[in-house]
Amino acid sequence: MNIFEHHLSEIRNIILSKKDSLKLEHIDNLKGVNLEIPPLQFNFDLSCNIAMVLGKKNKISSKTLALKLKDIFLDKINNFSEIDIAGPGFLNIKLSKSALFYNIKSILDNNEIYGSSKSSETFNIEFVSANPTGPMHVGHCRGAIYGDVLANLLKFNGNEVIKEYYINDYGNQIRNFVESIHFRIIEIKYKKKFPKKENLYPGLYIKDIANKIVKENTNLDLSDFDKNFEFLKKESIKGSMDLIKNDLQLLGISHDNFSSETDIVNKDLVNKAVNKLKEKKFVEEGFLQPPKGETNDNWKKIKRLIFKSTLFGDDTDRALQKNDGSWTYFANDVAYHMDKVNRNYKNLVNILGADHTGYIKRITAAVSALSENKIKLNCKVCQLVKLYKNGEPFKMSKRAGDFISAQDLLHEVEKDQIRFMMLNRSNDVELDFDFDKVKEKTKDNPVFYVQYAYARINSLLRTLNLNLLDKINLDESSINFNEIEKKIIRKVFEWPKIIESTSRKFDLHKIPFYLNDLSTLFHAYWSKGNEDRNYKFIENRKVKRDEILAVLNLVAIVIQNGMKILGVSLPSKM
């Protein structure tokens, strides 16, 4: 149960029923009222700001109002056993013993779904979508993990989620890639030196793909590039996508669906999308304004089809055609998003790289136009990753060409470390990834510290010949938690609030932060037992109190659920 939502609902209902006697003229649906966990120095379970919110709106003393609300809440809400007024009017609340017992029992009984913010919507999450011209680089890793964990989170909440990869296999970039492989094939078969030509791909992986094509097609004459282009394109993209899928698999990621830009074009979806927008009068022939910094004298006006994206919040209208009349990349992308809209997802999510920030408004406008504002597109940008080793920037791979590949990363550190640490900062800020720190077995390495907390719990249970989630015989009338246990329980109670907040804004970094905080509290309890025997968990190979078993299980349940969402393993021994 989410005690914050439950008790906030009770508080709101009481205020609505008592607004006349309390002389509250302005309540505005109680916006701004919240329930939180108070700071650790306050020995209370909940803290509410309602007296200050309503006091300000109604121009009455928040402390005077807090005194009235204290008496009303203690009388009307059975689960509140004590309320203290702090500062300008915060209500610090202690839960009753029966409320503690009920909430703990509920968590133990519903362990696998504890924290789930139940929903039943449909989501399409498009992520990675790296150009199929070579292996994944480190920037792709961050977006890949973000998209995969977001899918796990939404599934944990009961939603239906499709994880999609959009293969950009159309255009000049692909032609340059295929030509690079063709020249490597010529080099392999006919010993002709790879040319120094602009726009060719230099990475050694190009040789690997070329070698594979040669070995699998020994009897084919592949010397004529134009004649064999479609065949070489198909095989080259397959070879590149195999590299990408292998990297993703090593990171614990798989997609449900792969969409192809070439298929979008071949199915004439671009024309269909443009015609649909024309019917709605969102596309017209016209002239674009000169880009910023460009004078009218230097700007060549060419009539073309233009999408009126400013009608949907964009900064400027967008061209659907190039100077030569062919479709822009944006037009192809509009068609792809029309295809997703037609598949009837309620929510579309695009995970983008750092260089795509300026693209968000136009594609969001397109989805709004195509769906008549019925479908929401949420774009999340994952900023750059900077790698460090031995205090120095990590050097690029010669095999990849001119970037640091996912393989480089996976050769240095394990999947669990990568997945956890890639989410350890907000996606919209740059991330420093230090190879040395993520290998440390100290409290400064959060992934280790969380895994170690779980391993310690399992070691205690092995000593007691018990398993996680064995039935615990708690007695409601006699439960008595010490102060450290109360802090841990309060943190455990906060888990549904973390899930709700993370799900609403897709702030995935909140999960590793929270798990590290919870694990820190547990390790502090463990250390306290080494200092003071009154805080020891076990004596004579027996648990001292059933409450200790409850706390161990509560921590383990939350760590299990959290790390499952993150896709990080939990060893029972370390």
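**Close-up views of a predicted model**

**View 1. Strand 11 meets strand 12 in a parallel pair.** Strand 11 (residues 347–353) and strand 12 run parallel and are joined by seven bridges. Helices (H or I, at least four residues) and strands (E, at least two) are DSSP runs, numbered from the N terminus. Two strands count as a pair if DSSP finds at least two bridges between them. To find one of these links, start at I351: its bridge partner in strand 12 is K380. This is a predicted model, in which local features need pLDDT of at least 70 and side-chain atom pairs count only at pLDDT 80 or more, while totals for chains, interfaces and linings use all residues. Residues are numbered from 1 along each chain as its sequence is written, and side-chain values use heavy atoms, with hydrogens and water left out.

**View 2. The five-stranded sheet is open, with parallel pairing.** Read across the sheet, the strand order is 7-6-5-11-12. Strand 7 (257–260) and strand 12 (376–382) stand at the edges; each has a single partner strand, so one side of each is left without a neighbour in the sheet. On average, neighbouring strands here are turned by 25° against each other, direction ignored. For such angles, axes are lines fitted to C-alpha atoms (for helices over the stretch in contact), and angles run from 0 to 180 degrees between N-to-C directions.

**View 3. Helix 5 and helix 11 pack on the five-stranded sheet.** Which strands does helix 5 touch? Helix 5 (residues 138–156) touches strand 5 (122–126), strand 6 (160–167), strand 11 and strand 12. Its direction makes about 160° with that of strand 6. Helix 11 (residues 329–342) touches strand 5, strand 6, strand 7, strand 11 and strand 12, and its direction makes about 155° with that of strand 6. Contact here means heavy atoms within 4.5 Å.

**View 4. Three strands form an open sheet with mixed pairing.** The order is 14-13-15, and the edge strands, strand 14 (392–393) and strand 15, each pair on one side only. Strand 13 pairs with strand 14 in the antiparallel sense over two bridges; here Y388 has P393 of strand 14 as its bridge partner. With strand 15, strand 13 pairs in the parallel sense over four bridges, and L387 has F433 as its bridge partner there. Helix 14 packs on this sheet, touching strand 13 and strand 15, and its direction makes about 155° with that of strand 15.

**View 5. Side chains alternate along strand 15.** In a regular strand the side chains alternate between the two faces of the sheet. In strand 15, L431 and F433 point to one face and are buried, while D432 and D434 point to the other and are not. Buried means under 20% relative accessible area, exposed over 50%, and partly exposed in between (1.4 Å probe, protein chains only).

**View 6. Helix 1 crosses helix 3.** The axes of helix 1 (residues 3–18) and helix 3 (residues 62–76) come within 11 Å and cross at roughly 115°. Which residues make the contact? Helix 1 brings I11, I14, I15 and K18, and helix 3 brings L69, I72, F73 and K76. By class, this contact has six nonpolar, no polar and two charged residues. Ala, Val, Leu, Ile, Met, Phe, Trp, Tyr, Cys and Pro count as nonpolar, Asp, Glu, Lys and Arg as charged, and the others, Gly among them, as polar.

**View 7. K386 and E430 meet in a salt bridge.** The structure holds 32 salt bridges, each defined as a side-chain nitrogen of Lys or Arg within 4 Å of a carboxyl oxygen of Asp or Glu. For the side chains of K386 and E430, the N to O distance is 3.1 Å. K386 lies in strand 13 (residues 385–389) and E430 in the loop between helix 14 (415–422) and strand 15 (431–434), so the pair ties together parts that are 44 residues apart in sequence. K386 is partly exposed, with a relative accessible area of 37%, and E430 is partly exposed at 33%.

**View 8. H509 sits in a loop.** You can find H509 between helix 18 (495–505) and helix 19 (510–531). Is H509 buried or exposed? With 15% relative accessibility, H509 counts as buried. Not counting residues up to four places away in sequence, H509 touches L423, N424, R425 and S426.
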